[in-house]
Amino acid sequence: MMPITPRRWLSSLAKREQKRLTGAAVCGVLAGVQTVVLVVGLAWLIEQLVVHDRSPAEFVPLFLALAAAVGLRAVFQSAQEVLSAEASLRIRLFARAELLSKIAELGPVWLTQQQSGALATQVVEHVDTLDGYFARFYPQLRIVVALPLAIVCVVGWLDYLVAIFLFLSAPLIPLFMALVGMGAERLNQDQFKAVSRLSAHFIDRVRGMTTLQLFGHTQSAQRMVWYATDEYRRLSMRTLRLAFLSSAVLEFFASVAIAVVAMYVGFGLLGYIDYGPSPSLTLFSGLAVLLLAPEFFQPLRTLSQHYHDRAAALGAAESLVVIYNEPSLVPEYLAKPQGPGAVCELASASIGYSGRELALQAVNVSIFEGDVVAVTGESGSGKSSFLAVLAGFMAPLSGTYRRKASKVAWLDQNPCIIQGSLADNLRLASPAADAEAMVQALQQAGLGQLLAALPAGLESTIGERGVGLSGGQAQRLALARIYLSSASLILLDEPTASLDASTEQVVIQALLSWAREGRTLVVATHHPAIVAVANRHFMCEMGTLTEVAP
């Protein structure tokens with residue numbers, strides 16, 4: 001599949017709301033047409049009142065028509081804002097959902113290699129940066145083609161020399177805007193990279209605040225954050241300077257062009273120019289083309305004001321498509337095992353990460369219902385990678401993996417604890433669980449006394465990563481989640497590492513309890529007590545997975 005480019009991705013998003021975006025552009029053009037009607041009507045009215053000395057009372061219908069044009073212009077402008085804002089909101093909601101789906105598709109193994117602060121910035125801030133592009137720049141890009149063309153036609157009907165001049169001067173403005181915009185796009189890309197690094201840097205320092213305080217490095221960490229924020233400030237100011245430069249370029253050329261039109265009209269009315277249509281200039285035609293000249297450049301002015309939105313959107317898209325172009329590690333489909341009674345099978349499988357040395361190769365394993373499998377080996381021997389393949393977090397680089405179990409429970413030595421109540425954390429495993437089932441699961445995991453001591457019970461709040469709980473209590477809470485789940489395959493990665501003796505016994509008793517329920521367990525461990533309760537034992541050594549005879 002061809003890699004997604006930022007422009008192609010933005011174009012695909014725009015196609016999803018093409019009707020609303022086109023409607024916004026049409027409303028913008030119609031609002032501009034009402035302005036043309038208003039300008040031409042006022043020029044004609046002034047000529048009738050000044051040159052022909054007619055009474056204002058004669059033009060009551062014209063006044064009403066001009067008032068209607070003002071009202072219609074307001075209606076069309078409002079409709080343009082509503083349609084473009086709605087389209088932008090829908091696009092951003094879709095883009096964020098699609099991005100989160102892609103992150104989920106990439107799987108937990110990919111997530112462990114990323115910085116959470118940078119990902120959060122991309123999902124929230126970078127997606128929101130697309131708002132200006134779709135709500136303002138994209139519709140204006142269509143308006144800037146149609147509306148000036150309509151104005152040139154009207155000006156050509158009044159005085160073709162002015163129309164030719166406007167037509168020739170118009171391309172200079174987009175040309176210089178594009179030249180300036182190329183630099184702005186590069187600066188925006190640098191700015192988005194800087195803010196991602198800053199977010200990741202700041203979150204890392206906040207999470208490691210306790211360690212920094214213990215080792216007396218808070219001042220140096222503070223200085224590093226200050227340097228990072230100052231670098232971001234410097235990049236932001238460079239981007240703003242370039243954005244203002246693009247506006248200045250447009251204003252300069254527009255002002256020169258309008259001044260030339262004004263000089264032509266003035267000298268033509270005074271009789272100093274007798275070339276082409278100049279001798280036939282009247283107050284009506286001269287005033288009309290003079291008032292229409294700024295309106296000819298107004299769509300270009302508006303586009304210039306929003307041109308930095310395009311550069312910002314391309315910079316954001318540049319960082320987001322990197323995620324979309326990441327190859328997925330998670331297998332799309334898992335066939336059922338061929339062997340009778342097998343829960344999962346690996347056949348001639350090579351396990352590892354692309355571009356690195358294989359962790360395990362030529363793996364041929366069948367795990368059956370009710371098995372308690374202990375996987376041992378030195379650190380880095382491939383135990384965790386083996387469990388990740390069994391969980392479906394990553395696919396083997398070669399060979400096949402088949403799994404019967406549709407629901408899998410995962411537990412490692414650092415369980416995922418979210419900011420919220422005990423009940424919130426338990427519902428991660430079973431969203432429909434009632435209070436009685438949650439209390440029973442906590443008691444089975446050895447947290448009955450803790451629950452009884454908490455005034456708010458299940459609604460007691462705990463912090464992210466288990467703040468407020470000891471390491472053993474966090475591990476027991478993760479065990480309670482597995483009790484609540486209906487997963488038939490349970491994978492545990494070093495579940496007793498760094499635990500006290502009592503919590504370790506709770507984990508071992510949980511293993512025996514799940515085995516009696518008929519669940520299948522695969523445990524990566526160094527602990528002899530867990531190996532002792534297992535009915536099968538695999539050893540990871542020298543890139544191979546070998547079953548040890550009992």
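Student: Hey, is cysteine 153 buried or exposed?
Tutor: Cysteine 153 is exposed, with a relative accessible area of 53%. Here buried means under 20% relative accessible area, exposed over 50%, and partly exposed in between, using a 1.4 Å probe and protein chains only. This is a predicted model, where local features need pLDDT of at least 70, side-chain atom pairs count only at pLDDT 80 or more, and totals for chains, interfaces and linings use all residues. Residues are numbered from 1 along each chain as its sequence is written, and side-chain values use heavy atoms, leaving out hydrogens and water.

Student: And what about cysteine 27, buried or exposed?
Tutor: Cysteine 27 is buried, at 12% relative accessible area.

Student: How many disulfides does the structure hold?
Tutor: Zero, where a disulfide is a pair of cysteine sulfur atoms within 2.5 Å.

Student: New topic: which residues form the nonpolar patch on the surface?
Tutor: Leu42, Ile46, Val50, Val51 and Leu283, with about 390 Å² of accessible area together (Shrake-Rupley method, 1.4 Å probe, only the protein chains shown counting as cover for residues). Patch residues have over 30% relative accessible area and no salt bridge (a Lys or Arg side-chain nitrogen within 4 Å of an Asp or Glu carboxyl oxygen). Nonpolar side chains (Val, Leu, Ile, Met, Phe, Trp, Tyr) are joined within 5 Å, like charges within 9 Å.

Student: Which helix gives the most to it?
Tutor: Helix H2, residues 18-50, with three residues. Helices (H or I, at least four residues) and strands (E, at least two) are DSSP runs numbered from the N terminus. Valine 50 lies in H2 and is exposed at 58%.

Student: How many helices and strands are in the chain?
Tutor: There are 18 helices and 11 strands, and 47% of the 550 residues are buried.
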